[in-house]
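Hi,

Here is the structure I promised to pass on. Have a look at it first, and then read my notes below.

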Amino acid sequence: MSEHVKYLEIPDKSENDKKNYKTLLLGNGLHALIVSDPSPMPHDGFTSESSAGEIDETSGETETTSDESSSSSSGSGNSDSDSDSEVGDEKLAACAVLMDYGSFAEPREYQGLAHFLEHMIFMGSEKYPEENIFDAHIKKCGGFTNALTDGEETLFYFEVAEKHLNSSLDYFTALMKHPLMKKEAMQRERCSVDSEFQQILQEDETRRDQLLASLATEGHPHGTFAWGNMKSLKENVDDDVLHKLLHEIRREHYAANRMYLCLQARLPIDELEALVLRHFADIPGNKSRAPDLTKFNYRNSFRDEFYTHVFHVKPVDNVCKLELTWVLPSMRQYYRSKPDNFLSFLLGYEGKGSLCAYLRRRLWALELVAGIDDNGFDLNSMYSLFNVCIYLTDDGFEHLDEVLQATFAYVKVIAEASPDALRVCYEEQQGIEATGFRFQPQRPAMDNVQHLVLNCKHFPPKDILTGRELYYEYNEQQLRLLIDHLNAFKFNIMITSRTKKPDIVYDKKEQWFGTEYTSQPMPENWKTIWQQTTAKSLEELFLPEPNRFVTQDFTIYWHTLGKPDIPEAPKRLLKTENCELWFRADDKYELPEAYMAFHFISPLQRQSAKNDTMCALYEELVKFHVSEELYPATSAGLNYNFNVSEKGIILQLRGYNEKLHLLVDAIANAMVSVGDTLNDQMVATFVTDQKRTYFNTLIKPRHLNRDVRLCMVEHMRWLMIDKYKCLNDIKLQDMVEFARQFPQQLYVQALVQGNYTPESAHNVMNAVLRRLGCEAIKERKYVEDRTVQLPQGARFIRCNALNAEDTNTVITNYYQLGPNTVRLECILDLLMMFVEEPLFDQLRTKEQLGYHVGATVRMNYGIAGYSIMVNSQETKHSAQHVEQRVEVFRSNMMQILEDMSQEDYDHTRDSLIKLKQVADMSLATEWSRNWTEIINEEYMFDRRRQQIELLRNLTKREIVAFLVENEISNMRKISVQVIGHKSKQQTHSLKSKPGINNCVELGEKDDNDDDDEEEEEVDEDELFKALADKLNVVFLAKEGDATTIVDINDFKANLDLYPKQQLHTEDLPRPRLIEDNLVRT
């Protein structure tokens, strides 16, 4: 085996990392990293005793998509074997292959070709010629696969149950060795690439990157249009030439000597090596090498205009941000000292003395981000783009000179700091990062292989695991080099804002995305501000002080207690009329970390749309109140989230357990005291910011579609457009009163899990209750979750996308089934696995209805259903056509099952069982699963075990019978359609209410403005604000169609509600599920 393999240095690893590693260089030039997880392999009747990879094996709403079954609350099993495998015994295997070829190397006359090639690779191989056969195999085995193209690399990856690793590698490497890439597949995949482009066309961050690419120096590789679309890959393109070129590039660049592989599974490391040799050793190699991009000097990467002009950009979203971007040398060469990471920490710091804190105190900015983005455009072999992005308030935009002065001043604080002061800060961060690496939780296998395969290319074998994690050494010379770059007046300034100065006219348009912008010479007064600013200009600015949140005690309590047996399920420590506390000590992961969650349930939120909106503002104001105090904690390995839910606010905390309670105390204090800190300017600032948040959500068709769907099925829910309209009515006194009332009546659900004791958990909960001083909720109706029972038959609700320039149409057909049971969950999870590949193959590959199609299990407060969604473009297919094709597919689902062989049925069911038996990889995963049970008030902590037992005996006949019965007697469907725009005219077959236009032509004059008004130059900023104020969602009528809904409240008024299941505290009840994804870890 070893005669064709060169064994490289074994990577350094953390003392707590139990995995085994081996790095290989195969005879064909392929670099491989093998990761062997030593967890025991169960013998469960599915897996042979010798090997898991035999050669002959060829809201809340909770939601489970067809490719996310492993995260479902359902379980699964095998009826044909007496499985000894239990929940938590299984792990997924994963593989990632990195091609040393990306969009920077593609021919400029075929922009997007590298991305197109990535798509075409999947279109069958000589060994397995059927298109998408690899994808179909992976899905059938309960796995997931994807690929992405970057500037210098193309990455392919998949995960699958370990039993199917060998067969999956066989399918996968067949594509690497001899892909078909037939000419007849080109048009379909061009449509797919174009549809993918259309879906990101309105994303401001992507538009920003392409605008910067357009400023690249002529002949430099990063000036390409990497996404590709019909224009770049079809217009003036000879398909014969393109087809030949695809194969030539694939043969030259997808060679073994240009590949990096990472493979992870629980197999012994020698067996994994055998799999690598079996499948990858005969991939053809050649002598080709990646283009040498180091010949392009970073100082010349962008045209002079990049530095000498200010760029004013018109965004799609309602956003106002100031960006300063420095072009630095490629930072990969400095990975041992990481000066860029350290400077990102300093400039992005939000604690006392920071630039961010200075701007927040003046309400000039609410957010600041600094550093180098980890993508191929911002970080590559030629250069690195160091970016400081400041999200301005309206007042901040008016004080732009002062914001720039503060930014310049903080750069000077760093530049003029003594080496000793910088070293003290650096060494504190060095220690924090070393601790983080020492106690690093396990990543899921698929995340891990993606992370490590990139490291295989960029770091020597010894540093593959540590290269991105550790500050190895302080290097004053390298740090000074970067500081000198930042301290020179040579950077790009970009202002992206709907608000603009009177002299700004967007007279330029980027070629591919159509981004409107203009550029003006750098103002002389900004140069003067730079020259006159020093480190002492603003006394409020200084380097970070020593961090009081740095953990010192890493004691593992389970060890000190003698490693006692601990039940799998959390234990309820406390239950009163206004709280419940659940707890589980960790006995699995043995890390000095804990996770906490508190759900502050309030009756206020559902009383009115205004209250719901004020709850969102209250959330933001509390976070603002604690941001400066608690930011040091977030840089010391502690983290928190404070987010509005459907009936209150959820606080989640995670990190080293020693000082985690300090964050709870600070946030509880802020919840009580924040009202006393408010003033008119602060409330007005946050109202404007919340308006932007709602606006930016509403103009995205998929978000609008979801919002409408949830409002249709939930008894008490406010449309986001209604909340948006309330914002203008919220004043200081309203917020002061809401902040006073919120803590007064609460029911608090809490879970503490990890390296903690029951006594400490009690202490934290008691401290929260004492500080809040809350009483029990009096009006329970506002915190009871109820679901509307949809009428039998089909109903339709339609509206236009709110951005008149957005062509994306989103169709979601939702089918409501009824009260959930474990059996129903299992049926639905299995059904989603059966239909996932046929759905993708039919609606995306064959009919090309859209890039994104999916089937999803949905649970609304304990009421089960499923949906089929297609994201199409109205320029290609009408919404009516897409909906009809979705319904045709759904009507064929029973036939798919009927035609399925018993062998295929058993195979798919067994794969789902494997997914349900997958172990929690980290405390975060286990805690999240338990927390979901608590906030949904189901408390079925052994849900997966129950489902596994049920699925072992679930037959195909039962599923077919269920579908037939549901079709005959319980067909309840709503089709939610957000319709994109072909042009500025409304869709002819649909009409809205007279006099109301429900879309906003962003930055253009409203078509309904009176024609006889005096013609004058329009102030685009004022026009945008006027259009934003009149933003509305109008549901479209269809003449003569009684199934069309035009008023949600009228529709729901006479419908029944599903019964609310009664809580029995002693029996630990199983009522309803919450729609929103509340668990945000």
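Let's start with a small puzzle: which side chain does the side chain of S168 join in a polar contact? Keep in mind that this is a predicted model, so everything here is computed from it.

To find the answer, go to helix α3, where S168 has its place. S168 is buried, with a relative accessible area of 0%. Leaving out residues up to four places away in sequence, S168 touches F134, H137, I138, F158 and V160. The partner we want is H137: its side chain and that of S168 are joined by a polar contact of 3.3 Å. As for F158, it sits 10 residues from S168 along the chain, and the C-alpha atoms of the two are separated by 8.9 Å.

Now zoom out a bit. Helix α3 covers residues 165-177 and lies across three strands, β5 (92-99), β7 (154-161) and β8 (259-265). It runs at about 160 degrees to β7. Another helix, α15 (residues 445-458), also packs on the sheet, where it touches β3, β5, β6, β7 and β8. The direction of α15 makes about 30 degrees with that of β5.

And the sheet itself? It is an open one with 7 strands, in the order β1-β2-β3-β8-β5-β7-β6, and the pairing is mixed. At the edges you'll find β1 (5-7) and β6 (144-149); each has a single partner strand, so one side of each is left without a neighbour in the sheet. From one strand to the next, the twist averages 15 degrees. If you want one pair to trace by eye, try β2 (residues 20-26) and β3 (residues 31-36): they run antiparallel and are joined by 6 bridges. In that pair, L25 stands opposite H31 in β3.

A word on the cysteines: the disulfide count comes to 0. Take C95, which is in no disulfide: the nearest cysteine sulfur belongs to C262 and is 8.1 Å away. C95 is buried, at a relative accessible area of 1%. C711 counts as buried too, with 4% relative accessibility.

Finally, the whole protein. There are 34 helices and 27 strands, and of its 1081 residues, 62% count as buried. About 41,600 Å² is exposed, with carbon and sulfur atoms supplying 47% of that.

Cheers

Note on methods: Residues numbered from 1 in each chain as written. Predicted model: local features only at pLDDT ≥ 70, side-chain atom pairs only at ≥ 80, totals over all residues. Heavy atoms only, no water. Pairing = 2+ DSSP bridges. Helix = DSSP H or I, 4+ residues; strand = E, 2+ residues; numbered from the N terminus. Axes fitted to C-alpha atoms, helices over the stretch in contact; angles between N-to-C directions. Contact = heavy atoms within 4.5 Å. Buried < 20%, exposed > 50% of the residue type's maximum accessible area, 1.4 Å probe, protein only. Areas by Shrake-Rupley, 256 points an atom, 1.4 Å probe, with all protein chains shown as cover. Polar contact = N/O pair within 3.5 Å; in protein donor to acceptor, adjacent residues only side chain to side chain. Disulfide = S-S within 2.5 Å.
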